[in-house]
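Here is a friendly walk through a helical model and the contacts that hold our attention in it. Please have the coordinates open as you read.

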Amino acid sequence: MLAACTTPPEPPPPDIKALLFEMKEHTYLYISEERQKLNTDAMPLRRDPLLDAAAQAHSEAMAERKAFDEGGSDENIAIQRLAANPNFQGFVGENSAMQYFYPEHGFDPETFAQSLVDQWL
């Protein structure tokens, strides 16, 4: 009979893009909940693919530069994209937040989302 000690295989690294997507969904839900608490007559928030895409591009640009946006509206990719689209009518606001994590460990999307909303409020 042969026997040996083995180390179990390491789990695969977490899917950061999936965790970020889930965090964004939780953030939207928490903001909607807080908004309704503040004003029960407020119309429900609606997601807008144009705004989502502009915000994502802006977020990725800031991450690439490893810096929060410090420029004016003429340097802000999100505002540039919205201003260039004739279908956009409205106002633009921005909340920025940052949270450190180790990619190899992942993070809890629900906890991160609640933390971000709590910081903004």
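Three salt bridges turn up when the whole structure is searched, a salt bridge being a side-chain nitrogen of Lys or Arg within 4 Å of a carboxyl oxygen of Asp or Glu. The model is predicted, so local features need pLDDT of at least 70 and side-chain atom pairs count only at pLDDT 80 or more, while totals for chains, interfaces and linings use all residues. Residues are numbered from 1 along each chain as its sequence is written, and side-chain values use heavy atoms, with hydrogens and water left out.

| Salt bridge | N to O distance |
|---|---|
| Glu 25 and Arg 47 | 3.1 Å |
| Lys 37 and Glu 34 | 3.2 Å |
| Asp 52 and Arg 47 | 3.0 Å |

Glu 25 sits in helix H1 and Arg 47 in the loop between H1 and H2, so their pairing ties together parts that are 22 residues apart in sequence. Helices here are DSSP runs (H or I, at least four residues) and strands are runs of E (at least two), numbered from the N terminus. Together with Asp 52, Glu 25 and Arg 47 are linked in a network of salt bridges. How accessible are the members of this network? Glu 25 is partly exposed at 28% relative accessible area, Arg 47 is partly exposed at 37%, and Asp 52 is partly exposed at 33%. The cut-offs are under 20% for buried and over 50% for exposed, with partly exposed in between (1.4 Å probe, protein chains only).

The pair Lys 37 and Glu 34 stays inside helix H1, three residues apart, or about one turn of the helix. An α-helix has 3.6 residues a turn, so residues three or four places apart point the same way. Lys 37 is exposed at 61% relative accessibility, whereas Glu 34 is partly exposed at 21%.

Stepping back, the protein chain has four helices and zero strands. Of its 121 residues, 19% are buried. Contacts (heavy atoms within 4.5 Å) include many that span the sequence: among those with a separation of 6 or more, 57% join residues 24 or more positions apart.

One place to see such packing is H4, whose 12 residues reach 17 Å from first C-alpha to last. That is close to the 16 Å expected at 1.5 Å a residue, where the expected span is 1.5 Å times one less than the number of residues. Which residues of H4 are buried? They are Pro 109, Phe 112, Ala 113, Leu 116 and Val 117. Seen down the axis of H4, these buried residues fall within an arc of 130°, so they line one face of the helix; the arc is that of the directions from the helix axis to the C-beta atoms. The buried residues of H4 pack against H1.

His 26 gives a view from the other side, lying in helix H1 (residues 16-38). With a relative accessible area of 17%, His 26 is buried. Not counting residues up to four places away in sequence, His 26 touches Pro 109, Glu 110 and Ala 113.

Leu 45 belongs to the loop between H1 and helix H2 (49-65) and is partly exposed at 32% relative accessibility. Apart from neighbours within four places in sequence, Leu 45 is in contact with Tyr 28, Ile 31, Ser 32 and Arg 35.
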